[in-house]
Amino acid sequence: MPFNHLGLMPALLSNIDKAGYTSPTPIQEATIPLVLKGHDILGCAQTGTGKTAAFALPILQNLSKGSSFHQVIRALVLTPTRELAQQIHDCFVLYGHSLPVRSCVVFGGVGQPAQVEELKKGCDVLVACPGRLLDLMNQGIVSLDHVEIFVLDEADRMLDMGFIHDVRRIAQKVPASHQTLLFSATMPSEVEALAMDLLRNPRTVKVDPVSSPVKAIEQYMYYVDKANKKRLLASILKEDNVVNALVFSRTKYGCDRIVRDLKKAGLDAVAIHGDKSQGARTTALARFKSGECPVLVATDIAARGLDIEGLSHVINYDLPMEPEAYIHRIGRTGRAGHGGTAISFCCIDEYKQLGQVEKLLGFRLPVHESEWPMEITTPSIPAARPPRPASRPADVSLRGEAVTRHPHIRSGLRNQQPSHGLHASAKNAQTVHPKLAKPVQRINRKKHS
Ligand code: AMP
């Protein structure tokens, strides 16, 4: 079906044409007419499917009917990461060229005054990350009293990143009679509950569940020892067919280390992760997107939504702890019908993650061989926690309490002997002491990651 059968106005059709889109993607075909008619939407869609245009185009059309620049926010788009917020805002600007609808974007990590200045010029569509939006609302700078359309993008990611309560607080401030569009790649029960609360008689639009990566992506893997991953990575990146590559590491420290190793091997690379300032994140992404730097090394902060035109390779330097993240990661390539290659490294300690990924995919990843075949076949023993200093007994008893209260602390203790307060910790201390030097060194390093 061509775009002009979806009920879009000529100005939008012209902008779509200028963007180089010839026909709508399945999510656009299904969603645009429903949003134009004012329906609530529950969208189950993978990133890279053209989801942004699926909601941005009908929003622009609905808001531009009879409007000139308004001084009130009429559409709010909430999204989890700063990079996604910027990307969505850029799409509104691109698709909305010459329409009387103004878009602004707000997110944390950068100064507030410039964002406030932009808001003062008038804002019909606000694209926001929850934290900065709440700050601005609390300061009385932003009001949601006139919001007609509320878009919740990447709802499951909001949940993963701990934003779900912020989302609920924001949703409460949106007037009762509004149209809601909720998009999520997966539907965990918390997101389903949120959808039940926010949506009224929604139309469900489903495109490619998260278990099915884009078919145009070639996927394969290498078994390789941890210590040789850096050599294998450098050798792959030097191959002719690698135009640019997004490399995923499990930790922030790992990202920085990979960049250092690549630089030693004569390759230019930049890192992006949560410990970098927003300025550094923006610069790194801009250098990568412009082609100035061919390698971006990232944590899963970049796994979702990031649109990198013509990305040739995604490399999983470490396999993700959650199999769904694999699909999101490799979805950065093969976008909008283009091909791409996803390569994964698996060392002996990552067998479990590999099994989970293959189970989700429903097939075994083809194995390629390299100069550095896996030689270590005994899993390494997880590093033990260092004993608490004996001079701080209060910590020990606190830990006993925390085990029952905080799931993240509980998981950290999973590999230890059952702990019963002071006595058990003393027992752990005895087993760790002889090897103290090594585990302490490792744990200190982890602290910075
Ligand atoms: P999204 O899933 O919204 O991040 O979009 C992924 C990529 O697809 C972006 O680069 C869009 O510019 C592109 N795109 C969106 N809609 C279309 C379309 N109908 N035809 C071709 N490319 C598109």
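How many helices and strands does the protein chain have? Count 18 helices and 13 strands. Keep in mind that this is a predicted model.

**Whole chain**

Color by pLDDT to begin. The average over the protein chain is 82, and 80% of the residues score at least 70. Now select residues 391–449. Here pLDDT stays under 50. The model has 45 contacts beyond four places in sequence for this stretch. Read that stretch with its pLDDT in view.

Next, color by burial. The protein chain has 449 residues, and 39% of them count as buried. Then turn to contacts with a separation of 6 or more. Residues 24 or more positions apart account for 76% of those in the protein chain.

**Stop 1: helix α1**

Select residues 10–19, which form helix α1. Show side chains for L12, N15 and I16, which are buried. Look down the axis of α1. The buried residues fall within an arc of 100 degrees, so they line one face of the helix. Rotate to the other side of α1, where P10, S14, D17 and K18 are exposed.

What covers the buried residues of α1? Helix α3 is part of the cover, and so is α4, residues 82–95. Before leaving, click on G20, just after α1. G20 has a positive phi of about 90 degrees.

**Stop 2: helices α2 and α3**

Select residues 26–36 for α2 and residues 51–64 for α3. Their axes come within 9 Å. How do the two helices run relative to each other, roughly parallel or roughly antiparallel? The axes cross at roughly 25 degrees. Angles under 35 degrees count as roughly parallel, and α2 and α3 are therefore roughly parallel to each other. The crossing is right-handed.

Now show the residues that make the contact:

- From α2: I27, Q28, T31, I32, V35 and L36.
- From α3: K51, A53, A54, F55, L57, P58, Q61 and N62.

Helix α3 also appeared at the previous stop, among the elements covering the buried residues of α1.

**Stop 3: helix α10**

Jump to residues 229–237, helix α10. Which of its residues are buried? They are K229, L233, I236 and L237. These cover an arc of only 95 degrees around the axis, which puts them on the same side of α10.

Finish by adding the strands. The cover over the buried residues of α10 includes β9 (245–248) and β11 (295–298). It also includes β12 (313–316) and β13 (340–346).

Methods
Residues are numbered from 1 along each chain as its sequence is written. A residue is buried if 20 or more other C-beta atoms lie within 10 Å of its own, exposed if 12 or fewer, and partly exposed in between; C-beta atoms are placed from the backbone. Helices (H or I, at least four residues) and strands (E, at least two) are DSSP runs, numbered from the N terminus. The arc is that of the directions from the helix axis to the C-beta atoms. Two residues are in contact if their C-beta atoms, placed from the backbone, lie within 7 Å. pLDDT is the predictor's confidence in each residue, from 0 to 100. Axes are lines fitted to C-alpha atoms, for helices over the stretch in contact, and angles run from 0 to 180 degrees between N-to-C directions. Angles under 35 degrees count as roughly parallel, over 145 as roughly antiparallel, 65 to 115 as roughly perpendicular and the rest as oblique. A crossing is left-handed if the near helix is turned anticlockwise from the far one by less than a right angle, and right-handed if clockwise.
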